[in-house]
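Hi,

Here is the structure I promised to pass on. Have a look at it first, and my notes on the aromatic rings follow underneath.

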Amino acid sequence: MIVPSPSSRSRNRIIVSSWDLVWATASPPLALFVRDGAAPFHGDWAVAVYYCLFASAFALMSFFALRIQDGLLRNFSVQEFLSILEAVLFTELMTCGVLFSLTRMDGIPRSMPLIHAALLGAGLIGGRLFFRVILPDSAHEHQTKRERIVVIGASRFAFHFIQMLRAYAPPSHPVIAVLDQNPKMVGRAVADVQVMGMPHELDAIVTEFAIHGIHVDRVVVAGEASQLGEATSLEIERVCQERQILLQYLPRLVGITESREPELATASEHAQRPLSSYFWLKRWIDVLGAFALMVILSPVAVIAGFLVLLDVGAPVLFWQERLRWEGGPFLIYKFRTLRAPFDADGERLEASREPSAIGRFLRATRLDELPQLLNVLLGDMSLIGPRPLLPEDQPGNLADRLSVRPGLTGWAQVNGGKLVSKEEKEAFDTWYVRNASLRVDIYIALLTLKIVMTNQYAGQEATADTEQVRQKGVDILTSAQRKIAS
């Protein structure tokens, strides 16, 4: 999984999967056949051939331009889902534009672009979902805790360090950001890792990553402390000490082999007891249920997204990294209900960090959780199960709750949700894992529907939720003030 991060440059590799190549070529004639049977091929067959050639060519061009050619089997994500929709739209616009200019689309039914778009999109997404459901995930991805690294110094030394980590320690040591003292370097990239700011902004950048559930484990300075200056060096040491981040200086490292021991239990440790055979059936229930809910609730999701756009602006989706089953990380998506704490220049905004009336409504009705239906469809989550938590909210015993997929709702959520303690959540989640069945899931689903419809915990949860958000805002402000004072 790649943490979303803008970059000033990227490499477009000329790679396309066999399935995408076959489907890009087969979908235009299939669309013609669905529309008119064999009729287009008995009439002016040249028009049908032109349509198929242009549609296939523009489909492949859009695949390369939007980089959907990677990750067919295991890396299908929300970003790729959106890229596929963009690629389908690009294909149809270019095909219709060129054919209309050349032939006015004579002989091509006006419904063809819609039929071809539906087939192309369904084939690309359906193929990925098929492999995602059928093929198991690689065990290697779940057995090692990913150690997030921030590199200070946009130099050739840093470039080779990042490249060596990619070559000899993938994917357990990703570099998520580079900082440099030269302000002109901000916005550029070193080995495809964005330069996000200057070294004295480390505290604010680490805070922003923490808001999204990304914990920085190590800061590596691509040089000696003397090269940073005394004030900057002391600030970096203070931030690392307060946040318990390992600080290292690249010249002092030998072989780039020093790392922390994984803190999370491995997949083999999670499997302390055999799970019920119901969990095999449960995955198919999740796929069918999530797909049905996405279709039924799509108008509601569009309205919720529009309200978010009016309330807090773009982007409408907020992501956080959470722990999935077997301990691997994944990105969980929600509709945004808070404004960003920092502006585009990294300066802290003074606006209130409390949810607005629209934000409180989306949280109370759970509509902000609707994007997670796509997480369920992709296999990262289940409709019902232990809620995925941030690293700092994890209970002491992870074995039970990480042995199953996390859920949109669960036994802890219908027994108090945010009103129960960490220990109580652990007990509720453990009970569910050991007693899960179709009857239990139906009961939890009905209780969830009752809570949403009657706002049973709305007042108490809203108060607890607002206080939690306010406290995080205070923590951010305190950290920023401490940085200015030092």
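Let's start in helix α3, which covers residues 45-66: F54 and F58 sit 4 residues apart there, so about one helical turn separates them. Keep in mind as you read that this is a predicted model.

How are the rings of F54 and F58 arranged? Their centres are 6.3 Å apart and their planes make an angle of 15 degrees, so this pair is stacked. Planes have to be under 30 degrees apart to count as stacked. The two residues have their own exposure classes: F58 is buried, at a relative accessible area of 10%, while F54, at 25%, is partly exposed.

Now for the tryptophans. W19 and W23 are both in helix α1 (residues 18-36), again with their positions 4 residues apart, or about one turn of the helix. Overall, the count of aromatic pairs in the model is 5. In the pair made by W19 and W23, the ring centres lie 5.5 Å apart with the planes at 15 degrees, so these rings are stacked too.

Is W23 buried or exposed? With a relative accessible area of 15%, W23 is buried, because the cut-off for that class is under 20%. W19 comes out at 30% relative accessibility and therefore counts as partly exposed.

One last thing to look up further along the chain: W411, W431 and Y443 are linked into a cluster by ring pairs.

Cheers

How values were computed: Residues numbered from 1 in each chain as written. Predicted model: local features only at pLDDT ≥ 70, side-chain atom pairs only at ≥ 80, totals over all residues. Heavy atoms only, no water. Phe/Tyr/Trp six-rings, centres within 6.5 Å; stacked < 30°, edge-to-face > 60°. Helix = DSSP H or I, 4+ residues; strand = E, 2+ residues; numbered from the N terminus. Buried < 20%, exposed > 50% of the residue type's maximum accessible area, 1.4 Å probe, protein only.
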